[in-house]
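Grab a coffee and work through these exercises with the model open beside you. Each one sets a task and then walks through a solution.

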Amino acid sequence: MSALTKERLEDLATKKLNGTITQEEQFLLDEWLSAPTPEQNLWYGSEEEFVLKMRLLKRIHTEADIEETQIKNTIPPLRRRLYQWLSAAAVLLVMMGAVVWFGQHFNRTKTAQPVAGTDIAPGSVGAILTLSDGTTVLLDSIQDGVVASQSGARAMFGNGKLFYQLQKNASAEPVYNTITTPKARQIQLALSDGTKVWLNAGSSIRYPVVFNKKERYVEVSGEVYFEVTKNTRSPFRVSVAGRETVEVLGTSFNINAYENESVIRTTLLEGSVKVKGVAGEGILKPGEQSVSETGEGKKGFRIRAGIDVHKVVAWKEGAFDFDGASLEEIMRQLERWYDIKVIYEGKVPGMRFGGRLDRNTSLASLLKILKDAEVNFRIEGRTLIVTN
């Protein structure tokens, strides 16, 4: 791809926006806009040029909206719907490009200069363990070793993980523990049957210290990833926020059921699960995701195929994956991981982003990236106020 100077790019952008661009110039602009890799994108290394690219997209998007508003009232309803569909498709293509660029910017700005006054540390390993008698143990600062002995099993903590060791005198009476991760905390857990569980920030799981022989039953809320130990004689059942049940034999899957999300999403990585809830039921295959709407006035259930499971479980691998995410979706993740509150002044910007970012990134560095993408905000203590 031939190099484009900033002046040449601005000239092409102006011609594109006023409708005087030639076919050859359009080809040059399209080639530059669609550059998919750092090696092909000659603008990749400059933050100033990246910001220019984002502003160009925003300008094209904004003017497309204005043009649609001016036109839609002058054409018949049937043609109007067709025009709206074509306009939406055009804008989608533009924004798909923006997703790629924002992702590139994410990948190279881990050392971005922080936004003044917003140096809030990212989340870390930690949780609150509630024992059967109501005693609570803060796992953030506890030393490695035995946490508690209950019902013939010892709760052990080591290397940032909680796990259970069965003893010979295991009781037949169910004794339950609960692990809760506050905002800005996550933890890994191994249940007494060997099942591995990861809890994202703002999540919980209630489980028996020792499972009975008929079934293995746990209750979760928030976001939880499971790698279930296979046992055909003892099905594994997960009650999801009291609104849905996931039944498995041995498999790997992720459940997202936060209260401030409008749907429950169960995503299968390996094996097979049956999802059953008030909105519907179905059996998932690997790479599929069930989506359940259970809010007031909304009941719906569907299964989506071809899911990017690596994106779904990025949090478990220590990363944010913002591919195709709206600003609101990103902000909800930041609220949970940085323990902040996000509010909006005026209309929420209709923007979508992309890319992966290490979850160890400070809030200040992440906000610097959003600021460069022309997201306007201010910080008041631990409150992030997004403005138009």
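**Warm-up: a salt bridge to start from**

Glutamate 261 and arginine 332 pair up in a salt bridge, with the closest N and O atoms 3.0 Å apart; the term means a side-chain nitrogen of Lys or Arg within 4 Å of a carboxyl oxygen of Asp or Glu. Glutamate 261 sits in the loop between E14 and E15 and arginine 332 in helix H6, so this pair ties together parts that are 71 residues apart in sequence. The element names come from DSSP runs, numbered from the N terminus: helices (H or I) have at least four residues and strands (E) at least two.

Before you go on, some ground rules. This is a predicted model, where local features need pLDDT of at least 70 and side-chain atom pairs count only at pLDDT 80 or more, while totals for chains, interfaces and linings use all residues. Residues are numbered from 1 along each chain as its sequence is written, and side-chain values use heavy atoms, with hydrogens and water left out.

**Exercise 1.** Work out whether glutamate 261 counts as buried or exposed.

*Solution.*
- Step 1: take the cut-offs, which are under 20% relative accessible area for buried, over 50% for exposed, and partly exposed in between (1.4 Å probe, protein chains only).
- Step 2: glutamate 261 has 16% relative accessibility, so it counts as buried.

**Exercise 2.** Find which parts of the chain the salt bridge between glutamate 215 and arginine 237 ties together.

*Solution.*
- Step 1: check the pair itself; the two side chains meet at 2.7 Å, N to O.
- Step 2: place the partners. Glutamate 215 is in the loop between strand E10 (203–208) and strand E11 (216–227), and arginine 237 is in strand E12 (residues 236–240), so the bridge links parts 22 residues apart in sequence.
- Step 3: look at accessibility. Glutamate 215 is partly exposed at 27%, and arginine 237 is partly exposed at 24%.

**Exercise 3.** Do the same for arginine 378 and glutamate 345, then find which residues a salt-bridge network joins.

*Solution.*
- Step 1: the closest N and O atoms of arginine 378 and glutamate 345 are 2.7 Å apart, in a salt bridge.
- Step 2: arginine 378 belongs to strand E23 (residues 376–380) and glutamate 345 to the loop between strand E21 (341–344) and strand E22 (356–358), so parts 33 residues apart in sequence are tied together.
- Step 3: arginine 378 is partly exposed at 33%, and so is glutamate 345 at 34%.
- Step 4: shared partners join Glu215, Arg237 and Glu247 into one network.
- Step 5: the structure holds 14 salt bridges.

**Exercise 4.** Which side chain of opposite charge is nearest to glutamate 335, and how far away is it?

*Solution.*
- Step 1: find glutamate 335 in helix H6.
- Step 2: sort the charges: Lys and Arg count as positive, Asp and Glu as negative, and His and the chain ends are not counted.
- Step 3: lysine 183 is the nearest one, 5.4 Å away, and glutamate 335 is buried yet has no salt bridge.
- Step 4: list the contacts (heavy atoms within 4.5 Å). Leaving out residues up to four places away in sequence, glutamate 335 touches Lys183, Asn260, Ile340, Lys341 and Val342.

**Exercise 5.** Compare the settings of asparagine 159 and aspartate 339, starting from phi.

*Solution.*
- Step 1: recall that most residues other than glycine have a negative phi.
- Step 2: asparagine 159 has a positive phi, near 55 degrees, and aspartate 339 has a positive phi of about 55 degrees.
- Step 3: asparagine 159 is in the loop between strand E5 (153–158) and E6, while aspartate 339 is in the loop between H6 and E21.
- Step 4: asparagine 159 is exposed at 67%, whereas aspartate 339 is partly exposed at 36%.

**Exercise 6.** Place arginine 206 and list its contacts.

*Solution.*
- Step 1: arginine 206 is in strand E10, partly exposed at 33% relative accessibility.
- Step 2: its C-alpha is 6.6 Å from that of isoleucine 179, although the two are 27 residues apart in sequence.
- Step 3: setting aside neighbours within four places in sequence, arginine 206 contacts Tyr176, Asn177, Thr178, Val218 and Glu219.
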